[in-house]
Amino acid sequence: RIRSIDFGAFRDLRNLVVLSLVNNQLEVLENFEFQYLVNLKEFFIQNNKLYKIESYLFKNCHFLIEISFNYNKLYQIERNTFNGMENNLRNLIIDN
């Protein structure tokens, strides 16, 4: 199970369209973590231990239409986390 993501881990995955990090042990998503995933459309991270999502997490992810954070322990989502996604994001699911 994944506990952390190294910065730049997705640098060479610019064409990735769907990312699933379901059923891991992630606790925090850092600033700019997914900035290289410029073609990402769907992001699923259910059933982790997330308690904090830092700002600008999805910078450059302008095509993202669905995000699911179900079954985590979220208590902090920083300002500007979803900046630049206002026109395309259709489903944002946050259900602890």
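1. In this predicted model, K52 has Q76 as its bridge partner in strand 6. The pairing behind this contact is between strand 4, residues 52-53, and strand 6; the two run parallel and are joined by two bridges.

2. Strands 4 and 6 belong to an open sheet of three strands, whose order is 2-4-6 and whose pairing is parallel. Strand 2 (28-29) and strand 6 (76-77) form the edges, each of them pairing on one side only.

3. Two residues other than glycine deserve a check of their backbone angles. N23 has a positive phi, near 60°, and lies in the loop between strand 1 and strand 2. Its relative accessible area is 37%, so N23 is classed as partly exposed.

4. The second such residue is Y56, whose phi is likewise positive and near 60°. Y56 sits in the loop that connects strand 4 with strand 5 (66-68). Because its relative accessible area is 31%, Y56 counts as partly exposed.

5. On the surface, a patch of positive charge is formed by R1, R3, K49 and K73. One of these residues, R1, is located in the segment that precedes strand 1 (18-20). Is R1 buried or exposed? R1 is exposed, because its relative accessibility of 69% lies above the cut-off of 50% for that class.

Note on methods
Residues numbered from 1 in each chain as written. Predicted model: local features only at pLDDT ≥ 70, side-chain atom pairs only at ≥ 80, totals over all residues. Heavy atoms only, no water. Patch = residues over 30% accessible without salt bridge, like charges linked within 9 Å, V, L, I, M, F, W, Y side chains within 5 Å. Areas by Shrake-Rupley, 256 points an atom, 1.4 Å probe, with all protein chains shown as cover. Salt bridge = Lys/Arg side-chain N within 4 Å of Asp/Glu carboxyl O. Lys, Arg positive; Asp, Glu negative; His and termini not counted. Charge placed at Lys NZ, Arg CZ, Asp CG, Glu CD. Helix = DSSP H or I, 4+ residues; strand = E, 2+ residues; numbered from the N terminus. Buried < 20%, exposed > 50% of the residue type's maximum accessible area, 1.4 Å probe, protein only. Pairing = 2+ DSSP bridges.
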